[in-house]
Amino acid sequence: MGRLRTVLGWVGVVGFVMPLIPFSDPQVRTSLRVSVWQQPMMPLPGMVITPQTLLTIAGLALGALCWLVYGILRMLAGRRRDEQDGHHAAAGRLRKVLCILTRVIVALAVLWGVLTAGFALLFVDGYHVLAPRSAAGCAVVVSYSESLFNSAGNVYIKQPGSSQLVDTGGNWSQVQYVFADPINSGTWSLTWQGRSAHLNIWGHDSRTEFHAAPHEITCDQ
């Protein structure tokens, strides 16, 4: 049982460290360019995730679960020792202190994991899969995020047979201190002509600027 506790403890530590891996990438730290950890994926129709978000949630969930089981096993082991060595009062008090410390550490670790995973899910960029798709099945995907000053997003295309979203170079942003999602508001249009798509995002009262480079979005198939 002691070996199992040790394994669970170390696996929990690894789980908590896993979300820090993307931040070791200089591209993520400096935000100069899009990193592979920030490259969105579309594993299922209409479902968009990023490797960084997935790694954060998986690591924290694994760490919290392992440390929770570790704490339970530790407390059970402490009770068994207290029952066997009840005549050693001093040793019993020390074990109780260690047991309390273990509970506090495990509780804080689990709370940190749950809160961090929750914030990762709460503040992750939103994505819209636009209709219609091309005849070959290419999908245009628009992201939505909020900063301190406005809301903005990028434009991606998903080629058939690939789960990764390719950045088209197009993006949209709103004037300062305006927060709205033009896709949800319906102030956009998308038309296909063969393999080329034309996306227009305007927003209400011309408060949204669509910066496209290029305006045309091309499906490779």
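# Notebook: strands, a disulfide and a few loops

**Entry 1: a hairpin to begin with.** I started at β4 and β5, which form a hairpin with 4 residues between them. I kept in mind that I was looking at a predicted model. The two strands pair in the antiparallel sense, and I found 6 bridges between β4 and β5. One place to see the pairing is Val-141, which stands opposite Tyr-156 of β5.

I then turned to the other partner of Tyr-156. Its bridge partner in β6 is Asp-167. Strand β6 covers residues 166-174, and 5 bridges join β5 to β6 in an antiparallel run. How much of β5 is buried? I noted that 6 of the 8 residues in β5 (residues 151-158) are buried, so I wrote the strand down as mostly covered, with the cut-off for buried being under 20% relative accessible area.

**Entry 2: Ala-139.** Next I picked a residue in strand β4, Ala-139. Is Ala-139 buried or exposed? Its relative accessible area is 0%, so Ala-139 is buried. I looked for what surrounds it. Leaving aside neighbours within four places in sequence, Ala-139 is in contact with Val-129, Arg-133, Tyr-156, Ile-157 and Lys-158. For Ile-157 I also noted the spacing: its C-alpha atom is 5.6 Å from that of Ala-139, though the two residues are 18 apart along the chain.

**Entry 3: the disulfide.** Right beside Ala-139 in my notes comes the cysteine search. How many disulfides does the structure hold? I found 1 disulfide. It joins Cys-138 to Cys-219, with an S to S distance of 1.9 Å. The pair links distant parts of the chain: Cys-138 is in the loop between β3 (126-129) and β4 (139-146), while Cys-219 is in the segment after β10 (216-218), and the two are 81 residues apart.

I wanted the handedness too. The torsion about the S-S bond of Cys-138 and Cys-219 is about 60°, so I recorded the disulfide as right-handed. Both Cys-138 and Cys-219 are buried. I looked up Cys-66 as well, and it has a relative accessible area of 8%, so Cys-66 is buried.

**Entry 4: a cis bond in the loop.** I stayed with the loop between β3 and β4, where Pro-132 is found. The peptide bond that joins Ala-131 and Pro-132 is cis, with omega about 5°. I flagged this one, as most peptide bonds are trans.

**Entry 5: a second hairpin.** I moved along to β7 and β8. Strand β8 covers residues 196-201, and it pairs with β7 in the antiparallel sense over 6 bridges. Ser-189 stands opposite Asn-200 in β8. The hairpin of β7 and β8 has 2 residues between the strands, and there Gly-194 takes a positive phi near 70°.

Gln-193 belongs to strand β7 (residues 188-193). Is Gln-193 buried or exposed? With a relative accessible area of 70%, Gln-193 is exposed. I also checked its spacing to Ala-135: the C-alpha atoms are 9.5 Å apart in space, and the residues are 58 apart in sequence.

**Entry 6: Ser-163.** Back to β5 and β6, this time to the loop between them, where I found Ser-163. Its relative accessible area is 34%, so Ser-163 is partly exposed. Which residues does Ser-163 touch, not counting those up to four places away in sequence? I listed Pro-40, Met-41, Met-42 and Lys-158. I also noted Pro-43, whose C-alpha atom is 5.4 Å from that of Ser-163, with their positions 120 residues apart along the chain.

**Entry 7: a patch on the surface.** I looked for nonpolar side chains on the outside. Val-97, Leu-98, Leu-101 and Ile-105 form a nonpolar patch on the surface, and together they have about 350 Å² of accessible area. I took Leu-98 as my example, which sits in helix α4 (residues 89-123). Leu-98 has a relative accessible area of 39%, so I noted it as partly exposed.

**Entry 8: the whole chain.** I closed with the totals. The protein chain has 5 helices and 10 strands. Of its 221 residues, 36% are buried. The accessible surface comes to about 13,000 Å², and 63% of it belongs to carbon and sulfur atoms. Among contacts between residues at least 6 apart in sequence, 55% join residues at least 24 apart.

Note on methods:
Residues numbered from 1 in each chain as written. Predicted model: local features only at pLDDT ≥ 70, side-chain atom pairs only at ≥ 80, totals over all residues. Heavy atoms only, no water. Disulfide = S-S within 2.5 Å. Buried < 20%, exposed > 50% of the residue type's maximum accessible area, 1.4 Å probe, protein only. Patch = residues over 30% accessible without salt bridge, like charges linked within 9 Å, V, L, I, M, F, W, Y side chains within 5 Å. Areas by Shrake-Rupley, 256 points an atom, 1.4 Å probe, with all protein chains shown as cover. Salt bridge = Lys/Arg side-chain N within 4 Å of Asp/Glu carboxyl O. Pairing = 2+ DSSP bridges. Contact = heavy atoms within 4.5 Å.
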